[in-house]
Amino acid sequence: MPLDHHREVNRANWDSRVDNHYASELYGLDRFIQDPGFIGEVVSFDAKKMADVAGKSLIHLQCHIGTDTLGLARLGADVTGVDFSTKSIEAAQRFSSECGTPGRFVVSELYDVSSVLPETFDIVYTGVGAICWLPDIRGWARVVSSLLNNGGFFYMRECHPIVWTLDDERDDDLIVVKYPYFEQSDPQEFSEDTTYTEGGKLSSPETFDWNHGMAEVLQALIDAGLRIDEIDEYDSLEWPTGPINELGEDGRFRLAEGRERLPLMWSVLATKV
Ligand SMILES: C[S@@+](CC[C@H](N)C(=O)[O-])C[C@H]1O[C@@H](n2cnc3c(N)ncnc32)[C@H](O)[C@@H]1O
């Protein structure tokens with residue numbers, strides 16, 4: 001299906017980030033290549049929260065360059081990664097052969113995945129900066145549900161929606177709410193010619209994003225036929241933003257003071273019933 005203007009612009013932006021990310025320390029592709037047991041920080045964190053993935057079919061929505069997808073493959077899952085950025089999918093395929101871990105990678109816009117891939121899976125996995133790019137969380141939840149086998153599970157760990165509301169351009173570390181918490185039909189528009197890794201300027205700096213409140217996400221999953229088994233909130237984040245700028249020895253970012261004030265990430269584990 002042809003994309004609307006907002007997602008066309010976002011796709012160009014994500015295509016333009018790929019070379020920087022592929023070469024970056026943050027994504028750390030070399031570590032996967034040098035150590036066949038390395039699964040990456042994101043999957044190490046999530047593996048403690050999920051049921052065993054070994055021997056299960058798993059689809060990773062918005063998989064980007066496939067680092068987390070292949071981390072899950074190294075835990076024994078039979079993985080499929082999907083993303084609407086052709087450059088991301090080509091990079092993921094190249095990375096899969098460079099690191100010697102097999103995975104299937106397919107180009108698809110999120111809302112089209114069920115027509116591009118007619119099969120269903122034991123596990124749907126997503127997160128860490130994924131759903132903020134989607135305009136309609138109820139439609140997303142229906143896609144998640146349609147991809148799951150009955151009894152299969154869904155797991156997501158995401159940036160907390162309260163974090164997306166914060167003014168990230170202050171230099172005084174004050175926590176100031178500036179952007180919407182609840183899903184809006186009109187997106188927020190930004191232009192940033194750098195990405196969250198090191199590397200050169202982006203050729204397509206414009207983006208559009210949407211926030212989704214926690215209840216909106218959970219209710220959408222429930223209404224799509226999932227049973228919520230576990231939710232959690234965390235005081236750390238994978239990347240720095242505004243007042244969340246203290247890097248810990250674990251490579252995660254936190255508020256420098258008063259960490260009990262604000263959740264920075266959250267996760268949900270749910271079962272298709
Ligand atoms: C921050 S990455 C999330 C993946 C993973 N956490 C990571 O950091 O590698 C966001 C991904 O969402 C993809 N994306 C954004 N909007 C999308 C859409 N409408 N359909 C499919 N993929 C989309 C982008 O291409 C990008 O690869």
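These legends accompany four close-up views of a predicted model.

**View 1. The residues around the ligand.** Let's start where the ligand sits: 18 residues surround the ligand, and those that come nearest are Trp-14, His-64, Val-128, Gly-129 and Trp-133. Two elements, helix H1 (5–23) and helix H4 (67–74), each give two or more residues to this shell. Which of the elements supplies the largest share? That is H1, with 3 residues. By character, the shell around the ligand divides into 7 nonpolar, 7 polar and 4 charged residues.

**View 2. The open sheet and the helix packed on it.** Here you can follow 7 strands through an open sheet in the order E3-E2-E1-E4-E5-E11-E8, where the pairing is mixed. Strand E3 (104–107) and E8 stand at the edges; each has a single partner strand, so one side of each is left without a neighbour in the sheet. On average, and with direction ignored, neighbouring strands of this sheet are turned by 15° against each other. Look next for helix H7 (residues 137–147), which packs on the sheet. H7 touches strand E1 (57–61), strand E4 (121–127), E5, E8 and E11, and its direction makes about 140° with that of E5.

**View 3. Strand E11 and its two partners.** This view moves in on strand E11 (residues 265–272), which is mostly covered, as 6 of its 8 residues are buried. How many bridges join strand E5 to E11? There are 7, and E5 (residues 148–159) runs antiparallel to E11. Strand E8 (residues 226–234) is also antiparallel to E11, and 8 bridges join this pair. To find your way along the strands, try a few bridge partners. On the E5 side, Cys-159 has Met-265 of E11 as its partner. Met-265 is also the bridge partner of Tyr-234. Lys-272 in E11, in turn, is the bridge partner of Leu-226.

**View 4. Glu-246 and its surroundings.** Our last stop is Glu-246, placed in strand E9 (residues 244–247). Is Glu-246 buried, exposed or partly exposed? Glu-246 counts as partly exposed because it has 15 C-beta neighbours inside 10 Å, whereas a buried residue would need 20 or more and an exposed one 12 or fewer. Leaving out residues up to four places away in sequence, Glu-246 touches Phe-253, Arg-254, Leu-255 and Ala-256. For a sense of distance, Asp-171 is 75 residues from Glu-246 along the chain, and the C-alpha atoms of the two are separated by 14 Å.

Terms used:
Residues numbered from 1 in each chain as written. Predicted model: local features only at pLDDT ≥ 70, side-chain atom pairs only at ≥ 80, totals over all residues. Near = placed C-beta within 6 Å. Helix = DSSP H or I, 4+ residues; strand = E, 2+ residues; numbered from the N terminus. Nonpolar A, V, L, I, M, F, W, Y, C, P; charged D, E, K, R; others polar. Pairing = 2+ DSSP bridges. Contact = placed C-beta atoms within 7 Å. Axes fitted to C-alpha atoms, helices over the stretch in contact; angles between N-to-C directions.
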